[in-house]
Amino acid sequence: MTATESSLEALSREDRRFEPPAALAASANVTAEAYDRAAQDRLAFWEEAARRLTWTRDWTAPLDWQPPFARWFVDGELNVAVNCVDRHVEAGHGDRVAFHWVGEPEDDTRTITYADLLREVSKAANALAELGVGQGDVVAVYLPMVPEAVFTMLACARLGAPHTVVFGGFSAQALVDRITDADAKVVVTADGGYRRGAPSALKPAVDDAVARCPGVRSVLVVRRTGQDVAWTDRDVWWHEAVDRQPETHEAQGFDAENPLFLLYTSGTTGKPKGILHTSGGYLTQAAWTHWAVFDLKPETDVYWCTADVGWVTGHSYLVYGPLANGATSVMYEGTPDAGGRDRWWRIVAEYGVTQFYTAPTAIRTFMKWGDDLPAQHDLSSLRVLGSVGEPINPEAWMWYRRVIGGDRCPIVDTWWQTETGAMMVSPLPGVTATKPGSAMGPLPGISVDVVDGDGVSVGEVGGGFLTLDEPWPSMLRGIWGDEQRYRDTYWSRFEGRYFAGDGAKWDDDHVLWLLGRVDDVMNISGHRISTTEVESALVSHPKVAEAAVVGAQDPTTGQAIVAFVTVRGTTTDEGDAFLQELRDHVAKEIGAIAKPRQIVLSPELPKTRSGKIMRRLLVDIAERRPLGDVTTLADPTVVQQIDDTMGALASRG
Ligand code: WT7
């Protein structure tokens, strides 16, 4: 039995159940009735969800489905920014706080009401328009977690100009790849941001990238840290270009299928995919799920999503979903331990946070740091806790419930992807009796099916591959500039179904357990990185001949990157300095998040006789498990050698 199978056995015996709190259930936004309504008429259900938004032109049909291409709310028109901002001010909620922004340095905070947001977004839209940005022009955003990131995204949406946000931890090279693929004309960045107590520069990476991107006309620069920056005549300060703009901007409605954003994510090849999301369907599902799954009461709640805007969670559940619902949110700039390992709990207590949405890797880190830190703060305002990014192990789930939620708050484990745009599988906090570690089942209006290798449904109980067998409003509309790759990646493995790349299992109670990726995509702290991407980065180092990368289980980050490398020439006698050089090289090529936890040098890699690298064996080695079958290898002694090296490294600590 493999490790996955035995943990599966344990999971299917999980018989703890946690009923929704009675008071929450009694006044929940969504009740069990929604499942029935959606089952009777899925499209009518989503039309009703779409009516929660404000449209400047009604749609003529809910869906036009030419597999694998969907158009939702056909011919409908809306302005996404107006839905997120203006309409709340018009409804008399201009004084409501949209963001309690908390900077990393102590006492560096900003309160942004919906009226403030309207002014800032309008000015930013006017400034971008002045820089020549109009409908269809892609704007690249490379910013820390500052309010200007939100202003920029909404300003783009207001102009009908798609944004592509690049996580600030990505390298100049990653930025070049994305700017080039998206053909971005304008980049919005900052001098730097705060990272673990110190200013950390961002603009040098942009300078380096833009020097290699002749299509970029302007770089708009937010002054955040005040550090010195190099300057060219392409560069414009935000405070000079934006602050002098008129405080109003007249918005127009755009087609429901107008591109809203591109977000690059790792696939099984080295080249990241530009996932395309459009407007009406995306906003409908982001807003509905945020309202339903967090049971959001915009008048009284204070919601906090800890994700960075550079990831899809930051798009859908820090910006678009919450703002469309008129929510009050916390936005925090820094790391969880900036100013003390209880920083997050201090923020929860200070702002009276009611819904808290984070990733399992963070929860496990806090578990390690101990119960006493959260215990020092009053967390009694919390009422719903969310998890996203990777499977949450039952132990971490129970800790989250007990220590953070005071045994009082329901946990919503939400499964979705950059591609799905919004939550797909999750409990509803006022309806579902949850099992620790399970995302439970599809949300109303969503249809999932677990299939075997031949694409045959396993039915109500059984394990296999997770597929989505009906289109959904916030689904990706394609991969930017690569229709064939869109078909190949998602729609060709199983006829007529979207293949998510995840394994899943229905247990005996028809409750769904997500089992992680089944392809060559790793999940490091909830972030997707492909093995091929890291391998190409390693091989681009002049001294590296060949590299094989695997994701090995890690108690904190879920998976960790382990690289097996053969060097050019005859010598393998390279010291720690060389290993560090390789790790830094990967950081330069992709970003610090892709740095291997461990690099093992080896004179050869284990290959089958047909030359295919045996990753499964390398995973066994990386996880220090007894080695599986080696008889199909071209040279079985190679594996033993690598295993010995790894053993020596492990015993060295
Ligand atoms: C992959 C998508 C969804 C936003 C953050 C990640 C894994 C995500 C869960 C969950 C088990 C999960 C899947 C998925 N994943 N949420 N609740 N339980 N696995 O977005 O970078 O597009 O990654 O993250 O493997 O395919 P992403």
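Here is a chat between a student and a tutor about how features of this predicted model get their labels.

Student: What should I know before we start?
Tutor: This is a predicted model, so local features need pLDDT of at least 70 and side-chain atom pairs count only at pLDDT 80 or more, while totals for chains, interfaces and linings use all residues. Residues are numbered from 1 along each chain as its sequence is written, and side-chain values use heavy atoms, with hydrogens and water left out.

Student: Why does T432 count as buried?
Tutor: Buried means under 20% relative accessible area, exposed over 50%, and partly exposed in between, using a 1.4 Å probe and protein chains only. T432 has 17% relative accessibility, so T432 counts as buried.

Student: What does T432 touch, leaving out residues up to four places away in sequence?
Tutor: F18, P20, Y35, P427 and M440. Contact here means heavy atoms within 4.5 Å.

Student: What makes the link from the T432 side chain to the backbone nitrogen of L428 a polar contact?
Tutor: A polar contact is a pair of N or O atoms within 3.5 Å; within protein, one must be able to donate a hydrogen and the other to accept it, and residues adjacent in sequence count only if both atoms are side-chain atoms. The T432 side chain reaches that nitrogen of L428 at 2.8 Å, so the distance fits the cut-off.

Student: How do you know that β1 and β2 pair?
Tutor: Two strands pair if DSSP finds at least two bridges between them. Strands (E, at least two residues) and helices (H or I, at least four) are DSSP runs, numbered from the N terminus. Five bridges join β1 (residues 61-66) to β2 (residues 69-74), and the two run antiparallel. W65, for one, has A70 in β2 as its bridge partner. Together β1 and β2 form a hairpin with two residues between them.

Student: Why are β5 and β20 called edge strands?
Tutor: The open sheet of seven strands runs β5-β4-β17-β16-β18-β19-β20, with mixed pairing. β5 (109-113) and β20 each have a single partner strand, so one side of each is left without a neighbour in the sheet. For β20, strand β19 (residues 384-388) pairs in the parallel sense over four bridges, and G386 stands opposite V412 in β20.

Student: What makes a nonpolar core?
Tutor: A set of buried Ala, Val, Leu, Ile, Met, Phe, Trp, Tyr and Cys residues joined through side-chain atoms within 4.5 Å. The largest one here has 165 residues, and L154 is one of those touching the most other members. Helix α7 (residues 147-159) gives the largest share, nine residues. A second, separate core of 31 residues includes W369 and V403.
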